[in-house]
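Please examine the sequence and the three-dimensional structure shown here. The account that follows proceeds from the overall fold to the surroundings of the ligand.

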Amino acid sequence: MSAAQPVWLFGYGSLIFRPAIPFVERRPARVRGWTRRFWQWSTDHRGEPWRPGRVVTLVPAPEDCCWGMVYRLAEADADAILADLDVRERGGYVRMEIEVELHTLVEQALAPSPASPQVVAGLTYQGWPGNRNYAGPAPIDEIASQVILATGPSGTNADYVRDLDTALNALGVEDTHVVALAARLGE
Ligand code: SIN
């Protein structure tokens with residue numbers, strides 16, 4: 001992607017509730033053909049190498065979609081921001097190009113979807129199967145028991161799940177996998 005084009009960065013995990021990057025514009029967004037799953041180990045943010053946590057990755061799902069937040073980066077700063085994010089997301093994620101549907105926030109909530117939303121070429125961080133931190137599927141109770149025990153330099157794994165759940169709730173988005181996991185973690 002040329003640096004002269006707008007850079008849209010799609011976040012579906014911590015990049016929703018803790019972007020910690022400068023951006024020009026932020027929009028709720030949807031990617032079609034993907035779903036969000038806690039199938040990536042975290043050994044550097046929400047866990048430790050000897051007790052990894054579980055964080056989200058995107059999994060191909062032709063009939064599904066994943067809601068998140070997209071950030072338009074200032075063109076002049078984009079390379080530096082992405083270089084910093086490459087460090088933050090170094091636990092097995094790689095940058096991937098992805099088509100992103102732009103939606104609208106009204107008073108912090110998702111506005112009704114237009115019939116034909118604008119679609120832009122974006123970037124996201126993806127943990128492909130086979131990356132060194134790929135955890136893969138597991139029963140939701142097993143995932144919950146791993147999340148409850150894990151903590152790392154960025155905080156507890158349970159707070160990662162709760163913060164993601166809260167951020168999606170605030171948008172009015174129901175992700176049944178996130179809701180099911182958050183419900184198993186208690187207060
Ligand atoms: C993302 O937020 O888009 C990537 C996964 C994460 O950092 O939680």
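The paragraphs below describe the fold and then the ligand site.

The coordinates are those of a predicted model. The protein contains five helices and nine strands. From the N terminus onward, these elements succeed one another in the pattern β-α-β-β-α-β-β-β-β-α-β-β-α-α. With a radius of gyration of 16 Å, close to the 16 Å that the globule rule gives for 187 residues, the protein is therefore as compact as a globular protein of that length. The C-alpha trace extends over about 45 × 35 × 30 Å along its principal axes.

Attention now turns to the ligand. The space that the ligand takes is the largest cavity. Around the ligand are Gly 11, Tyr 12, Gly 13, Ser 14 and Leu 15, together with Val 56, Glu 89, Tyr 93 and Tyr 160. Classified by residue type, this shell comprises five nonpolar residues, three polar residues and one charged residue.

Several members of the shell make polar contacts with the ligand through its oxygen atoms. For Tyr 12, the contact involves a backbone N or O atom, which lies 2.9 Å from an oxygen atom of the ligand. Leu 15 likewise contributes a polar backbone atom, at 2.9 Å from a ligand oxygen atom. In Glu 89, by contrast, a polar side-chain atom is placed 2.9 Å from an oxygen atom of the ligand. The ligand taken alone would expose 250 Å², and the protein buries 96% of that area.

Key:
Residues are numbered from 1 along each chain as its sequence is written. This is a predicted model: local features need pLDDT of at least 70, side-chain atom pairs count only at pLDDT 80 or more; totals for chains, interfaces and linings use all residues. Side-chain values use heavy atoms; hydrogens and water are left out. A residue is near a molecule or strand if one of its heavy atoms lies within 4 Å of it. A polar contact is a pair of N or O atoms within 3.5 Å; within protein, one must be able to donate a hydrogen and the other to accept it, and residues adjacent in sequence count only if both atoms are side-chain atoms. Accessible areas come from the Shrake-Rupley method with a 1.4 Å probe; for residues, only the protein chains shown count as cover. On a 1 Å grid over the protein atoms alone, a cavity is a set of points where a 1.4 Å probe fits but cannot get out, and a pocket is an open set with protein on both sides within 12 Å along at least five of seven lines; lining residues have an atom within 4 Å of a point. A molecule sits in a cavity or pocket if more than half of its atoms lie within 2 Å of its grid points. Ala, Val, Leu, Ile, Met, Phe, Trp, Tyr, Cys and Pro count as nonpolar, Asp, Glu, Lys and Arg as charged, and the others, Gly among them, as polar. Helices (H or I, at least four residues) and strands (E, at least two) are DSSP runs, numbered from the N terminus. The radius of gyration is taken over C-alpha atoms; the globule rule is 2.2 Å times the number of residues to the power 0.38.
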